[in-house]
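Me: Please go through the side-chain contacts and the open space in this model with me.

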Amino acid sequence: MGILTARRVVVLLVVAMAFYWLVLGQYGVLLIAEGRPVAVALGVGVLLLPLVGLWVVWSELRFGLATERLARLLEAEGGLPVDDLPRLPSGRIEPEAVQAAFERRKAEVEAAPEDWRAWYRLAVAYAEARDMGHARQAMRRAISLHRELNRSSGA
């Protein structure tokens, strides 16, 4: 059996979620069919849960695909960050190297705040620092700037 790639894992999770939503939907319909006000209210709530879940999955898939697209563009331009930072025996990047790389990337963003490439590299620096919340925010900014650039250029 081959290695599970991120894409295969996502497909498996989406299939599992679809099955979960189907089962949950059936219970929602059964509760509504019962006719009692409390059961109907619970049934409606149960039917809304899959919709919220679907929105979350769709948002995450769009984020992941947009991130991959930007990575391919940066790689084609030769601007993708190189993973050459010194590592500890555990495999983690040395904290001083992470901090230096982060400061360099932060300075790039400050020098060119409308450059999606700088924001992408800052997101990578945040991820290397294990600050995933800020990494996602920076990546969202990179995606947004890239979309604005495409809209304004008509591409």
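Me: At what distance from the ring centre does R140 lie over the face of F63?

Reply: This is a predicted model, in which local features need pLDDT of at least 70, side-chain atom pairs count only at pLDDT 80 or more, and totals for chains, interfaces and linings use all residues. Residues are numbered from 1 along each chain as its sequence is written, and side-chain values use heavy atoms, without hydrogens and water. A charge sits over a ring if NZ of Lys or CZ of Arg is within 6 Å of the ring centre and within 35 degrees of the ring normal. For R140 over F63, the distance is 5.5 Å.

Me: Which residue has its charged end over the ring of F63, 4.3 Å from its centre?

Reply: The ring of F63 is the one that R140 also lies over. The residue with its charged end 4.3 Å from the centre of that ring is R136.

Me: Which element gives the largest share of the largest nonpolar core?

Reply: Such a core is a set of buried (under 20% relative accessible area, 1.4 Å probe, protein chains only) Ala, Val, Leu, Ile, Met, Phe, Trp, Tyr and Cys residues joined through side-chain atoms within 4.5 Å. This core has 21 residues, and W119, Y120, L122, M139 and A142 touch the most other members. Helices are DSSP runs of H or I, at least four residues, numbered from the N terminus; those giving two or more residues here are α2, α3 (95–111), α4 (116–128) and α5 (132–153). The largest share, eight residues, comes from α4.

Note on methods
Buried < 20%, exposed > 50% of the residue type's maximum accessible area, 1.4 Å probe, protein only.
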